[in-house]
Amino acid sequence: MADTAEETLTDGFHLIIDALKLNDLNTIYGVPGIPITDFGRIAQAEGIRVLSFRHEQHAGYAAAIAGYLTKKPGICLTVSAPGFLNGLTALAHATTNCFPMILMSGSSEREIVDLQQGDYEEMDQLAIAKPLCKAAFRVLHAEDIGIAIARAIRAAVSGRPGGVYLDLPAKLFGQVMNADAGAKSLVKVIDPAPRQLPAAEAVSRAIDLLKTAKRPLIILGKGAAYAQADAEITAFVEKSGIPYLPMSMAKGLLPDTHPQSAGPARSLVLEEADVVVMIGARLNWLLSHGKGKSWGEPGSKQFIQIDIEPREMDSNVEIKAPVVGDIGSCVSALLEAMADDWPTPPSDWTDAINAKKETNLARMAPKLQNNNVPMDYHGALGALRTIIKQRPEVILVNEGANTLDFARSIIDMYQPRKRLDVGTWGVMGIGMGQAIGAAVETGKPVLAIEGDSAFGFSGMEIETICRYNLPVCVVVFNNNGIYRGTDVNPTGGSDVAPTVFVKDSRYDKMMEAFGGVGVYATSPDDVARAVNDALDSGKPTLINAVIDENAGTESGRIGNLNPQSVVGKK
Ligand code: ADP
Ligand code: MG
């Protein structure tokens with residue numbers, strides 16, 4: 001604030017900061033530069049935590065996961081054009097995953113941009129952002145900042161959450177106005193994500209259908225984890241006695257060791273269930289669109305779906321009983337409508353599931369205990385599985401191909417919102433951004449289990465981890481390449497195959513370069529020891545876990561999505 005002879009003034013910089021603070025948005029993830037450098041400085045001076053990254057995409061992934069973990073929009077701040085575009089990937093990712101996030105980007109002068117006269121970093125950012133987010137706004141006048149931030153918050157968190165873009169032209173920051181008028185122009189958003197109660201008839205329709213089920217199944221998605229209706233969901237699952245399947249990021253909403261978990265009998269329950277209750281999960285590619293071979297006989301299923309987004313219903317298959325509303329309210333309503341003597345599902349169904357679970361778990365157990373050198377996925381992940389069992393509060397970040405697929409099925413989770421991964425797109429590159437966002441927002445230790453290829457997308461952010469001294473332990477599953485390290489160039493030329501990296505890379509030395517702890521690990525015992533040390537000390541650590549380069553399959557479990565040529569292969 002500045003004083004003139006007559007009045008006290010404020011400006012765009014301070015109004016944006018005051019508006020964020022008024023709405024309890026106290027952390028910014030970003031990369032400084034023109035025109036937002038001073039904004040970051042002032043924000044820090046005013047008590048906002050400003051975390052600078054090495055690349056905007058990772059700041060964006062941190063903001064997106066902050067939104068998922070807190071139900072408040074994560075804030076990402078970038079410079080204009082190239083910085084904005086780097087952040088945009090994360091904004092689109094947030095929107096696709098239903099995570100609330102606000103991307104605030106500085107932009108160049110409207111008059112010049114619109115006449116395409118070649119301004120510094122000229123780009124019509126608002127138009128470009130629009131199709132990739134829930135809402136996009138530009139603020140031209142300092143007196144509109146309060147309203148703009150209020151609209152951005154509401155758009156991000158209400159209904160189906162998602163990404164919002166806020167365009168902040170350079171000139172806005174320096175605009176001055178009377179400080180009192182400025183303070184009055186700010187909006188504290190009341191009830192930004194209002195409860196949405198389901199209609200009574202939707203609830204009774206769902207209950208009537210559920211009563212007819214002989215082989216019922218509940219599928220929990222990351223929307224259910226996001227909703228933070230943990231007690232209601234647990235009560236519903238347990239009162240109904242229905243087996244449930246957690247989607248990847250819903251693992252731990254109930255402990256994976258829960259007797260009703262059908263995780264280890266996934267194929268069986270998908271194929272044979274007759275009534276499926278979807279809670280905050282979409283019938284997209286991750287569930288084979290609710291049809292096809294994995295879903296058994298065509299027409300053998302009826303769906304109840306709980307979702308806040310009405311248009312999600314019938315997206316892929318007919319939904320017999322749509323229940324539209326927020327998950328907490330919908331699940332509570334179902335619970336209330338269930339009679340106290342609600343019958344448990346037929347025992348031939350639950351017995352079949354339990355038998356399958358036991359067989360699958362027994363088959364897996366010895367593989368997880370191997371201490372082979374070089375390590376395979378099962379040996380290394382078996383060690384990490386034990387650590388998460390002993391330290392259920394640790395947040396697990398996971399990406400890669402085989403590293404993702406194996407870790408998802410091998411590592412049991414025990415608490416809600418502890419497993420963060422590649423999400424709806426199956427995107428590689430979320431690793432360090434999510435690890436930083438999770439550590440900052442929760443103060444809990446983070447274990448990031450990364451394929452060597454996946455790690456490469458965000459690897460430079462380990463400097464950020466060291467700079468802020470975050471309790472992040474990264475384990476790089478190093479098998480010398482993408483999927484495997486064994487491909488050869490069929491021409492015999494000097495270039496290696498496109499999926500191959502430098503052999504025996506020492507990712508651990510990268511961490512040492514920034515003052516963190518680097519560990520070279522060749523056995524599951526080595527890995528376990530190093531991870532335990534890292535989690536005890538809280539020191540930034542990177543463990544280079546040497547995995548057999550022959551282990552792993554093409555594209556992990558989604559090889560069917562990677563087209564293979566049948567002609568002309570050498
Ligand atoms: P998964 O990948 O785990 O299956 P998805 O991201 O596909 O999960 O689905 C999440 C669903 O949850 C989305 O359809 C979204 O609209 C919904 N959702 C998110 N938050 C809520 C909420 N609070 N109440 C109801 N539905 C929600
Ligand atoms: Mg690899």
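Helices and strands here are DSSP runs, at least four residues for a helix and at least two for a strand, numbered from the N terminus. That is how to read labels such as S18 and H21 in the legends below, and keep in mind that this is a predicted model.

**Figure 1. The whole chain, before we zoom in.** The protein chain carries 22 helices and 20 strands. Its radius of gyration is 25 Å, close to the 25 Å that the globule rule gives for 570 residues, so the chain is as compact as a globular protein of that length. If you're setting up a box, the C-alpha atoms fill roughly 85 × 65 × 50 Å along the principal axes. Buried residues account for 56% of the 570. Take the contacts with a separation of 6 or more, and 77% of them turn out to be between residues 24 or more positions apart. The accessible surface adds up to about 23,300 Å², with 53% of that belonging to carbon and sulfur atoms. As for charge, there are 53 positive and 66 negative side chains, and the centres of these two sets sit 5 Å apart.

**Figure 2. The magnesium ion and its protein donors.** Ligand 2, a magnesium ion, is coordinated by Asp-452 through OD, Asn-479 through OD1 and Gly-481 through its O, at 2.0 to 2.1 Å. Written as a sequence pattern, the donors are spaced D-x26-N-x1-G. Asp-452 and Asn-479 link distant parts of the chain, being 27 residues apart: Asp-452 belongs to helix H19 (residues 452-458), while Asn-479 is in the loop between strand S18 (472-478) and helix H21 (507-513). Asp-452 has 4% relative accessibility and so counts as buried. Asn-479 is buried too, at 2%.

**Figure 3. Two positive phi angles in the loop between S18 and H21.** Asn-480 sits in this loop. Its phi is near 65°, a positive value in a residue other than glycine. With 7% relative accessibility, Asn-480 counts as buried. Tyr-483 is in the loop between S18 and H21 as well, and its phi is also positive, at about 70°, although it is not a glycine. Is Tyr-483 buried or partly exposed? Its relative accessible area is 22%, so it goes down as partly exposed, given that buried means under 20%.

**Figure 4. Helix H14 and what packs over it.** H14 covers residues 327-337, and its buried residues are Ile-327, Gly-328, Ser-329, Cys-330, Val-331, Leu-334 and Leu-335. What covers them? The cover includes helices H10 (200-211), H11 (222-226) and H12 (230-240), along with strands S12 (275-279), S13 (302-307) and S14 (321-324).

**Figure 5. Met-432 and Thr-464, two residues at 0% accessibility.** Met-432 lies in helix H18 (residues 431-442) and, at 0% relative accessibility, counts as buried. Skip the neighbours within four places in sequence, and Met-432 is in contact with Ala-448, Glu-450, Phe-455, Ser-458, Glu-461, Ile-462, Ile-465 and Val-474. For a sense of scale, its C-alpha is 32 Å from that of Ile-218, which is 214 residues away in sequence. Thr-464 belongs to helix H20 (residues 462-467) and is likewise buried at 0%. Not counting residues up to four places away, Thr-464 touches Ser-52, Phe-53, Arg-54 and Ile-436.

**Figure 6. Two cis peptide bonds, each leading into a proline.** Ile-34 and Pro-35 are joined by a cis peptide bond with omega at about 0°. You'll find Pro-35 in the loop between strand S3 (27-30) and helix H2 (37-45). The bond from Val-373 to Pro-374 is cis as well, with omega near -5°. Pro-374 is in the loop between helix H15 (347-368) and helix H16 (377-390). If your setup tool resets omega values, these are two bonds to look at.

**Figure 7. Ser-158 and its contacts.** Ser-158 is in the loop between helix H7 (145-157) and strand S8 (163-169). Its relative accessibility is 22%, so it counts as partly exposed. Leaving out neighbours within four places in sequence, Ser-158 is in contact with Lys-134, Pro-192, Ala-193 and Pro-194. Where does Ile-308 come in? It is 150 residues from Ser-158 along the chain, and the two C-alpha atoms are separated by 9.4 Å.

Conventions
Residues numbered from 1 in each chain as written. Chains lettered and ligands numbered in written order. Predicted model: local features only at pLDDT ≥ 70, side-chain atom pairs only at ≥ 80, totals over all residues. Heavy atoms only, no water. Rg over C-alpha atoms; globule rule 2.2 N^0.38 Å. Buried < 20%, exposed > 50% of the residue type's maximum accessible area, 1.4 Å probe, protein only. Contact = heavy atoms within 4.5 Å. Areas by Shrake-Rupley, 256 points an atom, 1.4 Å probe, with all protein chains shown as cover. Lys, Arg positive; Asp, Glu negative; His and termini not counted. Charge placed at Lys NZ, Arg CZ, Asp CG, Glu CD. Donors = N, O, S within 2.8 Å, 3.2 Å for Na, K, Ca; no water.
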